[in-house]
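Visitor: Please take a close look at one part of this model, the paired charges, and then relate that part to its surroundings. Cut-offs would be welcome wherever a term depends on them.

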Amino acid sequence: MKSLEYNRPTLQGEITVPGDKSISHRSVMFGAIAKGTTTVEGFLLGEDCLSTIDCFHKLGVKIEVDNTNVKIESPGIDGWEEPKEVLYTGNSGTTTRLMLGILSGTKLHTIMTGDASIGKRPMRRVVDPLRLMGAKIAGRENGQFTPLAIQGTTLTAIDYRMPVASAQVKSAILLAGLRANGTTIVRESEVSRDHTERMLRQFGARVRVEEGVVSFEGGQSLTGTHVKVPGDISSAAFFLVAGAITNGSRIVLHNVGVNETRAGIIEVLEKMGANMTVEIEDEKAAEPTATITIETSTLEATTIEGEIIPRLIDEIPVLALLATQANGTTVIKDAEELKVKETDRIAAVVAELKKLGATIEATHDGMIIHGPTPLHGAKLNSYGDHRIGMMAAVAALITNESIELDDAQCVAVSYPTFFEHVDSLIQK
Ligand code: S3P
């Protein structure tokens, strides 16, 4: 149990946001698939990304980590060793789902499993399209749940319309498509994060993207390269909200990745009237970055729905907290996907914010929040979910009493230095 007693501080200062989790995972995966050397700067040393590295160690890929610099020396996907041990993906859905796509097209037999949360997350959304490509995957409930056993085989390309907006599903298919005969086509009705498409190009592959259709020839090989990982906007989100809702605050966030398929939170903050400026640092980079300054803000409620949802899905817990401080009724809908994240994030957010005195109710696909309401102290549960844990910590910045948070260390999944960054901003 961690006691969060901040006594309504003001927050002032600057933070360089740690590396993007999605891009860090992919940098190691692509570096391992490519023959030769890949160097990565700005890698996220979160537990999830370390799980990805650990899987590739077991596949015989040489990976050296020196602070946030990572060097991958790989014999290429055809030179990987069949692992003698189970590949352990920890809490990481991205590792589990993308590895399914990658491993399906090798010649190897592998078994993958993760923690208790991973054991409850649906895998058929990835397993089904991979089976259409010829993949041989076995697991509990016909491949819905880990542990999963994969017998690598020859794959054939598919033309697939995605039933859910999910970058993990899209990426698993594209990565399997790298090894498949023919042209793999993935059709999205709502655009999800496109880091895989961007990184395939960085590693020398040709990918076509036109109005929600990604297509890509199988059999292309990847060439090792240098990857610069931008800061994670999903981590910056906690400080964007903290700066907006605490009195007398001004926070400058450097190196924030602002790829438009991820930057929905910026649009929402602007619409709610946040006192915020976004200054683009590096527009031409494979993944653009910005410096964002946020100050204490008077906020108006809003509706968050439709195509923006996949572009801010991981930010919804902290946006719900933000909405408790906005004038009026905020409605979040079209976000059923929250139910199958690290925990059921609709149930978790509603239950925990209610304990603090928020006026919030769950709906089948989101939540409704009436603001503004003062929040008070309580005992909160993180459910072992990093983003629920960090939402609770940001809430503690505006409560008069302390918040007692169980399993607070789960923030290390995506943001190991989170509590240090909070402390560094508090004006003594
Ligand atoms: C991710 C995609 C999203 C996101 C997750 C990371 C990725 O999941 O919630 O944190 O790296 O591709 P879905 O693909 O399930 O939407």
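Guide: A salt bridge is counted here when a side-chain nitrogen of Lys or Arg lies within 4 Å of a carboxyl oxygen of Asp or Glu. The model is predicted, so local features need pLDDT of at least 70 and side-chain atom pairs count only at pLDDT 80 or more, while totals for chains, interfaces and linings use all residues. Residues are numbered from 1 along each chain as its sequence is written, and side-chain values use heavy atoms, with hydrogens and water left out.

By the salt-bridge rule the count comes to 23. A good place to begin is Arg-262, which pairs with Asp-20 at 2.8 Å between the closest N and O atoms. This pair links distant parts of the chain: Arg-262 is in the loop between β17 (250-257) and α9 (264-271), Asp-20 is in the loop between β2 (12-16) and α1, and the two are 242 residues apart. Helices (H or I, at least four residues) and strands (E, at least two) are DSSP runs, numbered from the N terminus.

Arg-262 has a second partner, Asp-232, with the closest N and O atoms 2.9 Å apart. Here too distant parts of the chain are linked, since Asp-232 lies in the loop between β16 (226-228) and α8 (233-245), 30 residues from Arg-262.

As for exposure, buried means under 20% relative accessible area, exposed over 50%, and partly exposed in between (1.4 Å probe, protein chains only). Arg-262 counts as buried because its relative accessibility is 3%. Asp-20 is buried as well, with a relative accessible area of 3%. The other partner follows suit: both Arg-262 and Asp-232 are buried.

Asp-20 also makes a contact at the start of α1, where one of its side-chain oxygens reaches to within 2.9 Å of the backbone nitrogen of Ser-22. A polar contact is a pair of N or O atoms within 3.5 Å; within protein, one must be able to donate a hydrogen and the other to accept it, and residues adjacent in sequence count only if both atoms are side-chain atoms. Helix α1 itself covers residues 21-33, 13 residues in total, and spans 19 Å from its first C-alpha to its last, close to the expected 18 Å. That expected span is 1.5 Å times one less than the number of residues. Because 13 of the 13 residues of α1 are buried, the helix is largely enclosed by the rest of the structure.

Another pair is formed by Glu-337 and Arg-125, with the closest N and O atoms 2.8 Å apart. Glu-337 sits in the loop between β21 (328-332) and α11 (345-355) and Arg-125 in helix α4 (residues 124-132), so this bridge ties together parts that are 212 residues apart in sequence. Glu-337 and Arg-125 are both buried. Salt bridges also join into a network, made of Arg-121, Arg-193, Asp-314, Glu-342, Arg-345 and Asp-385.

Sulfur pairing gives another result. A disulfide is a pair of cysteine sulfur atoms within 2.5 Å, and by this rule the count comes to 0. The sulfur of Cys-49 is 12 Å from the closest cysteine sulfur, in Cys-55, which is too far for a bond. Cys-410 is in no disulfide either, the nearest cysteine sulfur being that of Cys-49, 15 Å away. Cys-49 counts as buried at 0% relative accessibility, and Cys-410 counts as buried at 7%.

A few backbone details remain. Most residues other than glycine have a negative phi, and most peptide bonds are trans. A cis peptide bond joins Thr-146 and Pro-147, with omega about -5°, and Pro-147 lies in strand β9 (residues 145-151). Gly-371 and Pro-372 are also joined by a cis peptide bond, with omega about -5°; Pro-372 is in the loop between β23 (366-371) and β24 (378-381). Asn-67 has a positive phi, near 55°, and lies in the loop between β4 and β5. Asn-67 is exposed, with a relative accessible area of 57%. Glu-141, in helix α5 (residues 140-143), likewise has a positive phi, near 45°. At 59% relative accessibility, Glu-141 counts as exposed.
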